[in-house]
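Q: Before we turn to any single residue, may I ask for guidance on how strands, helices and empty spaces are to be read in a model of this kind?

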Amino acid sequence: MLVAAALAAVLAPATTSSAAGGDLGDPAARVAYAQIEGTGSTWSELIVQQWIADVDANGLKVVYTGGGSSKGRKDFAQGSTDFAISEIPYQGTDETGQADTSNGRDFAYLPIVAGGTAFTYQLKVGDELVRNLRLSGETLTRIFTNQITNWNDPAITKDNNGRAFPSLPITPVVRSDGSGTTAQLTSWMDREYPSIWRPFFGRSGLTSYYPREGRAISQAGSDQVMNTIASFAGNGTIGYVEYSYPVNKDYPVVKVLNRAGYFVEPTQYNVAVALTKASINPQTLTQELGGVYANSDPRAYPISSYSYMILPTGAKDPRMTTAKRQTVADFLYYSLCAGQAKAGPYGYSPLPLNLVQAGFDQVAKLKKADPAVDLTDRDVRSCNNPTFDGKNLSKNKLAEIAPQPASCDKVGEGPCGTATGTNQPSTDEATDGGAGAAPASTSGNGADGGGGGEGAGAGVPSSGGVPGAGAGGLDPVTGEPVSAAAATTGDALYADPSTVLSADRPGDRRAFGWLSGLLLLALVTVPGVYVTAVRRRRSNGGLR
């Protein structure tokens, strides 16, 4: 009911206004809708299908089929669809040497879905899944170009503030198909680490087909990449996927180092803050992400980007009519505004003001192509987007609600003990869940570990309610208080392999010493007691 009421309010102007200046009360003069069809990105498909379901009851009929960004661009170029969605702009010529253009069809790129390229992995210490791995951009680039091949590499140890992992080969999992996610990753590596990426790739620039070499294995689609990493035989793997996949599977992701010196994951907050520095190139109409990669806000996730809707803007486009253009305009109004509130729970991120404004600038081209299109009250001031206040555009609502990273996420501190992949921020700030940066569960399934943000579980209590316990609680082996510093660093998740094998903590020696003494006493006394009891039974005639 609430969704229907909101949509009715959003769409009311378009359904009661005149397409040609006629009587507003005349049903015949009201703007009509017509079904529109699109294909393209599977990265964006989950949230797009939700938006389609939301607007359906209000008379907007939208059909969208995935199939990949490349398919979407080709279908649009062939004139078989009304719009497309793609993470990759038209390249002119694709990797196979085939033409990748709009084939003369007029269009504009419109920001539609934002998200972060996440690095999900399986890395175990003993039987425990590490859930709070930290890596710099350089380390990640060297991993995916086969320069770092073992989890005990000094660069990984350094990123994790001196905590070493077992000697275990790294197996990168890459996409075998043409992928927008691959294009986003390789675009970032080409821009930020060209001296590492370009010798591996053989040339400059991005690619949608990742070159598989060395131990790397390839899988088609993000779902298969995710399933491979989370499989029984996946220990040692790392791959890149849309953040929604590990979130939905409750699987950890890497916290990536940003320009401010903090390790952050691609939550909806961190992606949206990063994208406040995104812009659209006025010549090519493509996204310019240099400012995103270099964003100095401590909350910014550096590998953040967005998908395009490829919007038909030609006045003589043979597929488009006034009714279709009106449907596109009103569908986009909902998608850019109220629909963005649903992005976060799906593992995406709501678009910030600068990209929403760019979206409306592109929608305006529909009216330029066809003056009968009604865009009354279709602008950022009437937009109910969760990242900004349409009534006060100088106020950055997102900056006010996005929490700062936890102090243990800073270079030289931590690592934090909170689990990743929960879609919750790691922060020292008080939140509804009360978790903050409390240590995460070490169960490996994330069910008990706090994500450190709104709605997250409380994780491991700081003292367990035991009088005299330190801020880190009690050691389960010795029963002695654990320091707050030890609890914050998440030692159970980052155990040194030599420590795991030797169990050589002072508390461990004390516990094992008592246990050894008790076993020795039992070995000496139990046989004597048993023999004495047998002799007594025999002397009493009780043994036959």
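A: Let us begin with a strand. Strand β6 (residues 107-121) is largely enclosed by the rest of the structure, because 14 of its 15 residues are buried. Buried means under 20% relative accessible area, exposed over 50%, and partly exposed in between (1.4 Å probe, protein chains only). Helices (H or I, at least four residues) and strands (E, at least two) are DSSP runs, numbered from the N terminus. The model is predicted: local features need pLDDT of at least 70 and side-chain atom pairs count only at pLDDT 80 or more, while totals for chains, interfaces and linings use all residues. Residues are numbered from 1 along each chain as its sequence is written, and side-chain values use heavy atoms, with hydrogens and water left out.

Q: With which strands does β6 pair, and in what sense?

A: In a regular strand the side chains alternate between the two faces of the sheet. Two strands pair if DSSP finds at least two bridges between them. Here β6 pairs with β17 in the antiparallel sense over nine bridges, and I310 of β17 is the bridge partner of Y109. β6 also pairs in the antiparallel sense with strand β12 (residues 237-242), over five bridges; in β12, Y240 is the bridge partner of F119.

Q: What does the side chain of T182 make a polar contact with?

A: A polar contact is a pair of N or O atoms within 3.5 Å; within protein, one must be able to donate a hydrogen and the other to accept it, and residues adjacent in sequence count only if both atoms are side-chain atoms. The side chain of T182 makes such a contact, at 2.7 Å, with the side chain of Y240. T182 is found in helix α6 (residues 180-192) and counts as buried because its relative accessibility is 0%. Contact in the wider sense means heavy atoms within 4.5 Å. Leaving aside neighbours within four places in sequence, T182 is in contact with R175, T207, S208, Y209, Y210 and Y240.

Q: Is Q184 buried or exposed?

A: Q184, also found in helix α6, counts as buried because its relative accessibility is 7%. Its side chain is joined to that of T117 by a polar contact of 3.3 Å. Among the residues that Q184 touches, not counting those up to four places away in sequence, are W43, E87 and Y293.

Q: How is empty space found, and which element gives the largest share of the lining of the second largest pocket?

A: Rolling a probe the size of a water molecule over the atoms shows where empty space is left. On a 1 Å grid over the protein atoms alone, a cavity is a set of points where a 1.4 Å probe fits but cannot get out, and a pocket is an open set with protein on both sides within 12 Å along at least five of seven lines; lining residues have an atom within 4 Å of a point. Grid points are joined across faces, edges and corners, and a volume is the space filled by probe spheres set on the points. The second largest pocket holds about 400 Å³ of space. Of its 20 lining residues, P89, S187, L206, Q287 and Y293 lie nearest its centre. The largest share of that lining, five residues, comes from α6.

Q: How many cavities of 30 Å³ or more are there?

A: The count comes to three. The largest cavity has about 80 Å³ of space, and the residues lining it include K255, F263 and D409.
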